[in-house]
Amino acid sequence: MKGGLKMTCFNFEELISLYIDNMLDEHTKKIVEEHLDECKECKYNYDAIISNINICKELPSIPLPDNYQDSLHEKLVALQEEPKKVSLDKPVPSTSKKSKRKSNWKIYATIAASFIILIVTVGSLNVFNMGSSSSKTEMAKDQSMEIPRSEAPSYGIATDDARSEESAPELKMFSANESIESEGQTFDVTTSEINNRDIRQKQSGRKVINNAFVNLDIEEYDEKFDQIVNIISTKGGHIQHSNTEYKHYVRENPEESLKRGNLSVRVPESAFLDTVNEIKAIGIVTNYGSSGEDITTQYRDTANEIENLKVQEERLREIMLKAENVEDILAVERELTRVRGNINAMTGDIQRWDDLVELSTINISLNEVVNKDKRIQTVSDNIWDKAGKGFIRTINGLLEFAEIIFIGFVSFLPIIIITGLIIGIVILVIKRLIRRD
Amino acid sequence: MKDQEKLLIEKSQQGDIESFELLIKEHQQIAFNIAYRMLGNIEDAKDISQDAFIKIYKSLNTFKGDSSFSTWLYRIVTNTCLDELRKRKKRNTISYDNTIKTDDGEIDRNIPDTGDTPEEIVSKNESQRAIIKSINKLSEQHKIVIVLRDIKGFSYEQIGEILNCPEGTIKSRISRARIALRTLLEKDRELLDNDNVKI
């Protein structure tokens with residue numbers, strides 16, 4: 001035991017102070033004492049340290065300078081008078097705090113660095129994404145630009161047809177197609193109202209046909225579509241025509257497929273602006289336009305023409321009554337049919353105009369987009385698959401390229417041989433000529 | 001006693017300077033002496049110890065009472081001194097305690113400091129003067145434990161709390177500091193002997 005714990009002088013140095021301060025347990029103390037008896041050098045050290053400590057202990061405690069408390073008091077008072085200027089929450093300065101502050105700095109630096117990396121990464125990803133999304137929106141814009149041009153006139157035709165006598169059932173069919181029965185009903189009411197309306201009454205006030213088109217980029221196509229349908233129905237309008245298709249169909253994951261579509265809706269003229277604004281609020285407006293066509297003069301002329309034709313019709317009927325022979329009757333009948341036809345056509349125009357004025361047309365193009373800023377895209381499951389395919393594609397491309405080069409070389413080989421021969425012969429001839437000279 | 005201290009702390013926290021002065025009264029001289037032993041001259045000791053008391057007054061609200069008030073007070077005092085020493089090091093790469101080497105041997109830079117301060121006049125004792133000189137040459141970490149343990153007589157536990165270190169660290173630091181002090185003193189003594197021989 002004693003041998004095992006035998007002191008080396010190095011160990012002893014560590015234990016001297018503890019021994020002096022009586023901080024050792026009895027056993028170790030004994031060993032130290034034994035060692036001190038044995039080792040002169042350590043004894044010498046021990047004595048030196050003891051004497052040093054004693055000198056230290058005897059060092060006089062020097063009194064406070066005379067003005068110490070006064071000046072401290074002044075400082076404290078000054079501090080209290082301006083407590084705001086000196087930051088009160090200055091942390092207690094301690095070594096541990098210092099080191100903490102240092103380590104804090106390190107932590108902040110780490111956080112900042114990781115943030116920068118994150119931002120850079122996300123930024124570069126965004127550049128990547130934006131490239132594709134912007135091209136998408138451009139594509140979408142191109143498409144939507146075309147739609148109003150190509151479809152607006154066709155609407156004109158559609159409404160032309162619709163406004164003829166048989167329009168009501170046809171339009172009902174449209175609304176039935178949309179399966180919005182309530183709208184179908186409201187439309188019925190409006191058409192019957194228009195039919196019964198006196199043309200002269202309508203001559204007062206200006207006749208302006210309001211049209212607007214709105215192109216929207218939206219997310220959640222179906223949801224936004226329903227929202228538009230709701231707006232239209234609350235405004236007392238109806239959907240005249242709608243179409244939805246996939247613009248980008250993902251077979252593996254149909255939910256990710258993107259749709260586009262267009263709607264042609266009719267709303268009462270009074271609710272026109274409100275409706276347009278509400279629709280515009282649904283998504284990102286990529287294109288918007290509106291027009292107001294004043295048809296007042298045209299409308300009045302046509303109305304007057306109808307009046308005249310009606311008078312003419314009356315007269316013809318009177319003549320008809322007076323007519324005695326079949327030929328006259330036929331002639332009058334022919335004339336009457338022509339007049340009647342004109343009246344019908346013109347009444348049709350009037351009714352169509354009434355409808356156009358009464359119900360403004362809004363063409364809405366919807367384009368579903370995926371907003372990549374909103375959620376973090378998951379990495380495709382088949383990324384390796386895709387990468388593998390890409391790899392194989394590149395390899396195939398390279399092989400093809402090599403093949404083409406090889407084929408090209410082989411096919412040019414005869415020409416190369418022939419030219420080689422010719423050049424060889426020419427060189428030989430020249431050499432011989434030179435030798436002769 | 002404890003209750004009175006508590007009351008004084010509360011009053012001081014509310015901004016009562018008189019209470020605060022009463023609270024620190026018994027610690028003032030010790031704090032001043034620690035600063036004096038650490039910094040080596042009376043002017044600095046006065047400034048730094050007063051700075052420490054102002055820090056204590058300002059951060060009294062953060063004193064939670066998990067350690068005793070005196071320990072907390074001395075912690076701030078020692079840290080203020082250590083900060084000052086570090087500042088000095090930065091400000092002046094030439095330490096006061098370094099010596100200038102000349103043909104005749106080494107000359108202390110801080111001759112005026114160790115020369116005729118009032119304390120030095122009191123301690124005519126040559127060994128005391130030598131030990132003060134050596135203490136001033138110690139590294140700050142060794143100096144603080146020598147000052148606290150051997151000059152001011154704080155216990156290991158108290159020193160551990162003041163320096164916010166585990167007791168084990170304090171034990172080894174004190175022993176190393178004492179050995180360092182002894183080595184310095186021995187060198188000094190040899191130098192003195194050499195000087196005497198030359199003279």
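Start by selecting Asn22(A), which sits in the loop between α1 and α2 (26–38) of chain A. Keep in mind as you go that this is a predicted model. Check the backbone here: phi of Asn22(A) is near 60°, a positive value in a residue that isn't glycine.

Now step back one residue along the chain to Asp21(A) and bring up chain B as well. What does Asp21(A) form with Arg149(B)? It's a salt bridge, with the closest N and O atoms 2.8 Å apart. Across the interface of chain A and chain B, the rule finds two salt bridges. To see more of the polar side of things, turn on polar contacts between the two chains: with both partners at pLDDT 80 or more, 19 residue pairs qualify.

Which helices of chain A should you color next? Go for α1 (9–20), α3 (40–58), α4 (68–81) and α5 (95–163), since each supplies at least two residues of the side of chain A that touches chain B. Color that side by residue class and you'll get 24 nonpolar, 13 polar and eight charged residues.

Zoom out to take in the whole contact. How many residues does each chain put in? Chain A gives 45 and chain B gives 60. Together the two chains bury about 4,600 Å², and 61% of that is on carbon and sulfur atoms. Select Leu59(A), Ile62(A) and Tyr68(A) next: these three supply 14% of the area that chain A buries against chain B, more than any other three residues.

Time to leave the interface and head for the sheet in chain A. Five strands make an open sheet here, running β2-β3-β5-β1-β4, with mixed pairing. Why do β2 (238–248) and β4 (284–294) of chain A each have one side without a neighbour in the sheet? They stand at the edges with a single partner strand apiece, so nothing in the sheet flanks the other side. Look along the sheet and you can follow the twist, which averages 10° from one strand to the next.

Pick out β1 (residues 208–218) of chain A alongside β4(A): the two pair in the antiparallel sense over 10 bridges. For one rung of that ladder, select Leu216(A), whose bridge partner in β4(A) is Val285(A).

Next, show helix α12 (residues 326–358) of chain A, which packs on the sheet and touches β1, β3 (258–268) and β5 (359–368) of chain A. The direction of α12 makes about 60° with that of β5(A).

While you're on this helix, show the side chains of Asp354(A) and Lys207(A), which meet in a salt bridge (3.9 Å, N to O). Asp354(A) is in helix α12 of chain A and Lys207(A) is in the loop between α8 (199–203) and β1 of chain A; the pair links distant parts of the chain, 147 residues apart. Over all chains, the count comes to 21 salt bridges by this rule.

Last stop: jump to chain B and select Asn164(B), in the loop between α9 (156–163) and α10 (167–198) of chain B. Here is another backbone angle to check, as phi of Asn164(B) is near 60°, a positive value in a residue other than glycine.

Notes. Residues are numbered from 1 along each chain as its sequence is written. Chains are lettered from A and ligands numbered from 1 in the order in which they are written. This is a predicted model: local features need pLDDT of at least 70, side-chain atom pairs count only at pLDDT 80 or more; totals for chains, interfaces and linings use all residues. Side-chain values use heavy atoms; hydrogens and water are left out. Contact means heavy atoms within 4.5 Å. Buried area is the accessible area (1.4 Å probe) that two parts lose on being put together, summed over both. A salt bridge is a side-chain nitrogen of Lys or Arg within 4 Å of a carboxyl oxygen of Asp or Glu. A polar contact is a pair of N or O atoms within 3.5 Å; within protein, one must be able to donate a hydrogen and the other to accept it, and residues adjacent in sequence count only if both atoms are side-chain atoms. Helices (H or I, at least four residues) and strands (E, at least two) are DSSP runs, numbered from the N terminus. Ala, Val, Leu, Ile, Met, Phe, Trp, Tyr, Cys and Pro count as nonpolar, Asp, Glu, Lys and Arg as charged, and the others, Gly among them, as polar. Two strands pair if DSSP finds at least two bridges between them. Axes are lines fitted to C-alpha atoms, for helices over the stretch in contact, and angles run from 0 to 180 degrees between N-to-C directions.
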